[in-house]
Amino acid sequence: MPSLFRRKRLMVVLVGFILLVALIGYSIRDRDSLSTPEKFLQDSVGWMQTIFHKPVSLVDNTIENIQDMFEVYEQNQVLKARLSEYKGVIQDNQRLKSENSELRETLEKTEGLSDYSPIQATVIARSSDRWFEQMTINKGEEHGIEKDMAVMTSDGLVGKVKSAGAFHSTVQLLSGFDRSNKISSWVVREGQDEAFGLIEGYDDETGQLLLEGIKLEEELKPGDTVISSGLGGVFPSNLRIGTVEEVTNDQFGLTKTAYVEPFADLFDINHVMVVDRAVETVEDKSPSEGDE
């Protein structure tokens with residue numbers, strides 16, 4: 001019995017092998033159409049491929065999109081950083097251009113004031129609570145600075161040296177002047193002689209200098225230029241101070257007072273010239289004038 005059973009199994013395997021070879025031979029021959037089982041098998045495989053392909057493609061595209069978003073984010077961060085650097089470079093460039101222009105103007109003014117031995121200085125400190133009263137510069141007695149020397153920018157007079165240390169000095173600005181600080185001045189008028197007056201203070205409301213002591217008969221008009229007269233013996237002559245904006249009579253009606261708009265920007269000062277009056281000679285000095 002066992003021998004018969006083994007022969008049957010061998011026969012089944014042999015028949016199955018023959019059928020498989022026949023099917024393979026039948027399937028690989030050239031045919032124009034598929035059999036029904038082949039069509040079923042082909043469609044089944046196609047459906048399965050479709051079912052698995054779509055979610056796989058969706059996941060793959062999603063991953064690629066996320067990777068692209070990260071790359072775009074990183075590129076955006078790099079561009080923002082470069083843009084910030086670029087803005088910083090532009091600001092530095094503008095600041096350097098401004099300083100260069102200011103230094104050039106100061107140098108040109110220095111050459112024009114060679115008779116007065118100007119000393120170049122830079123503002124190094126300015127107190128916020130006394131911004132319009134005084135400032136500190138980086139030159140002192142070791143550089144030839146002395147008390148009461150005139151201080152100006154390329155635009156015009158800004159003040160005088162209040163005190164001088166060995167290497168630094170304190171400058172009192174025109175906007176910090178009171179009646180104890182006077183500047184003898186000329187008002188330059190077109191087609192007329194100069195009119196005399198004294199800068200004796202600063203009006204906080206208008207932000208203008210007060211030119212007082214002008215004779216009643218003097219006719220001033222807005223736009224007339226005010227310069228230092230040099231008669232006080234401290235400030236050199238012909239230093240530009242400002243322009244007349246308004247003229248009124250004083251409270252007693254004896255003299256006139258002119259409101260003068262300073263040429264120099266007293267709020268924003270970086271570089272100045274300290275003018276040494278020592279080399280200038282004043283030929284006509286009145287004892288009643290020049291209480292500078």
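Me: Accessible areas here are those given by the Shrake-Rupley method with a 1.4 Å probe. On that footing, what does the protein expose, and which atoms supply 55% of it?

Reply: Happy to say! This is a predicted model, and the protein in it exposes about 19100 Å². Carbon and sulfur atoms supply 55% of that area. Of its 292 residues, 34% count as buried.

Me: What makes up the protein in terms of helices and strands?

Reply: There are two helices and twelve strands. From the N terminus on, the order is α-α-β-β-β-β-β-β-β-β-β-β-β-β.

Me: Why is Val21 called partly exposed?

Reply: Its relative accessible area is 45%. Buried means under 20% and exposed means over 50%, so a value in between is partly exposed. Val21 therefore earns the label partly exposed. Val21 lies in helix H1, residues 2-28, and it belongs to a nonpolar surface patch with Met11, Leu14, Phe17 and Ile18. Together these residues have about 500 Å² of accessible area.

Me: And why is Gly144 called partly exposed?

Reply: Here the relative accessible area is 31%. Set against the cut-offs of 20% and 50%, Gly144 is therefore partly exposed. You will find Gly144 in the loop between strand S2 (134-137) and strand S3 (150-152).

Me: Leaving aside neighbours within four places in sequence, which residues is Gly144 in contact with?

Reply: Those are Ile119 and Met149. Contact means heavy atoms within 4.5 Å. As for Val274, it is 130 residues from Gly144 in sequence, with 9.3 Å between their C-alpha atoms.

How values were computed. Residues numbered from 1 in each chain as written. Predicted model: local features only at pLDDT ≥ 70, side-chain atom pairs only at ≥ 80, totals over all residues. Heavy atoms only, no water. Helix = DSSP H or I, 4+ residues; strand = E, 2+ residues; numbered from the N terminus. Buried < 20%, exposed > 50% of the residue type's maximum accessible area, 1.4 Å probe, protein only. Patch = residues over 30% accessible without salt bridge, like charges linked within 9 Å, V, L, I, M, F, W, Y side chains within 5 Å. Salt bridge = Lys/Arg side-chain N within 4 Å of Asp/Glu carboxyl O.
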